[in-house]
Each structure stands twice: as C-alpha cells, then as structure tokens.
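This report introduces a protein structure to a reader who has not met it before. Please look over the sequence and the model first; selected features are then described in turn.

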Amino acid sequence: WDTATGSPMGYPADNDATISGELIAEQAQVNTGDVPISQVVLSSYLFSSKMVKMSTELVQDAGFPLDLYIAGRLGIRLGRAINPYLTLGTGTAQPTGIIPSAGTTITANGSATNDGTGAANTIGSDDLISLETSVDPAYRIGAAYMLHANTLAALRRVKDKQGRPIFFQAEAGLINGYPVKINNAMDQLQPHVFSPVVTR
C-alpha cells in the first residue's frame, strides 16, 4: 500500500474457522457469536539493492537499453534480500515471516511406510497428509506447498516398495493435487540423525 508517511498501519484479521452457526426453533432466542476480529500492524521496512557505479562512457556507449537491464538486476537483488525475511522474519525490527506466523509444527515420521526403509531425514506420503490435514479445510482452498528446491528433489526420490515414484506429479508442479512453490529460504531436510521438523 502506498501511504503518505510510511508509519505503521492496522489491518483487520480473524480466525473464524472453529465457530459455527446453529439450528434454532421458530421464534426462539438467537445466541450471540462474535467474529473474533483482531488487528495486525503492518510496518514499513527499507531494503536496498546496493549502489551500482558506472562510467559515463559505459552509459553513453551501451548498445542496448542499459537502464532496463540494470533495473531488472536490481529488482532480482531486492527479491533475494526481502524473501528470507518474508519467509522467516521474526517481526522484531524486520518483517514477520510466514513460518513464524504459522505457529504450528508437524514432525515428520519419514518414508518408511512407503519404501519400508526410510526413516530419519526423509519425508513420506503420510507426513504430507498429516501436514495437509493440520490446516482447517476452510483455509485449504487455494493452498499450496512451499518448500526448498532440495526438499522437492528428495520428495521426487521417494518410492513405494515396488520402486515406483510416490510423488510422480511433483515433476508437473503438484503434490497431492496442490501446487508447489519453490522458496529456497525454507529449511531443508536436517543433516542430523533425527526426523525433520516440517512447518506449515
């Protein structure tokens, strides 16, 4: 949002997923059920692409639209700078990331139920089903899996006990019917001998 001052701005939020309506008799008293509206405070943060110095000769002699080329490169730099904060930011003197905001963790059990051998540092189909069902159905509409590219590669290597790929749709950008969004600011599978924590 464009604002006049860039000062913090309140934005309404709610979680009404667990509250239902009710069946009542004709002319009966209706119970109250407030919508639990809260407020999220949006702050502004300053990111820099860093300064690029160029000689006057380069600017004058470039045989292509140098300004557009540099603008594109600086945009990519800003994306690289901003993405880790939008993913993992703590909210203290930096943006609040999507992962800290989620607040719920699901611990993966591994792919042993698929291949009969996978355990620590693997993800199986049961893990993704547990992750999916931890999200209220009201919020699954338009949902997607977001994961590191190396985690997607690990999922594509998961096979059943006959050696067939479990997540064959991953090549087409789908897992369990949901789109896949690659975000390399997401955690990768843990290198230690314990099951990875998978966070929605």
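The count of salt bridges comes to 1, a salt bridge being a side-chain nitrogen of Lys or Arg within 4 Å of a carboxyl oxygen of Asp or Glu. Asp160 forms this contact with Arg164, and their closest N and O atoms are 2.9 Å apart. Asp160 counts as buried at 17% relative accessibility, whereas Arg164 counts as partly exposed at 49%. Here buried means under 20% relative accessible area, exposed over 50%, and partly exposed in between, with a 1.4 Å probe and protein chains only.

The model is a predicted one, in which local features need pLDDT of at least 70 and side-chain atom pairs count only at pLDDT 80 or more, while totals for chains, interfaces and linings use all residues. Residues are numbered from 1 along each chain as its sequence is written, and side-chain values use heavy atoms, with hydrogens and water left out.

**Helix H6**

Helices (H or I, at least four residues) and strands (E, at least two) are DSSP runs, numbered from the N terminus. Helix H6 covers residues 149–156, and its buried residues are Thr151, Leu152, Ala154 and Leu155. Seen down the axis of H6, these residues fall within an arc of 160°, so they line one face of the helix. The arc is that of the directions from the helix axis to the C-beta atoms. An α-helix has 3.6 residues a turn, so residues three or four places apart point the same way. The cover over the buried residues of H6 includes helix H5 (125–133) and the strands E4 (145–147), E5 (174–175) and E6 (178–182), where contact means heavy atoms within 4.5 Å.

**The second largest pocket**

The second largest pocket has a volume of about 440 Å³. Its lining consists of 19 residues, and Trp1, Leu42, Ser43, Ser44 and Tyr45 lie nearest its centre. A pocket is an open set of points on a 1 Å grid over the protein atoms alone, where a 1.4 Å probe fits, with protein on both sides within 12 Å along at least five of seven lines; lining residues have an atom within 4 Å of a point. Grid points are joined across faces, edges and corners, and the volume is the space filled by probe spheres set on them.

Strand E2 (37–42) and helix H2 (66–88) each supply at least two residues of this lining; E2 gives the most, with 3 residues.

**Loop residues**

Two residues other than glycine have a positive phi, as the table shows.

| Residue | Phi | Loop | Relative accessibility |
|---|---|---|---|
| Gln27 | about 65° | between strand E1 (9–14) and E2 | 79%, exposed |
| Lys50 | near 75° | between E2 and helix H1 (56–61) | 64%, exposed |

Gly110 lies in the loop between strand E3 (105–107) and helix H4 (112–115). At 5% relative accessibility, Gly110 counts as buried. Not counting residues up to four places away in sequence, Gly110 touches Gly118, Ala119, Thr122, Ile123, Gly124 and Asp127. Gly110 and Asp126 are 16 residues apart along the chain, and their C-alpha atoms are separated by 8.2 Å.

**Leu68 in helix H2**

Leu68 lies in helix H2 and is exposed, with a relative accessible area of 60%. Leu68 and Thr113 are 45 residues apart in sequence and 52 Å apart in space, C-alpha to C-alpha.
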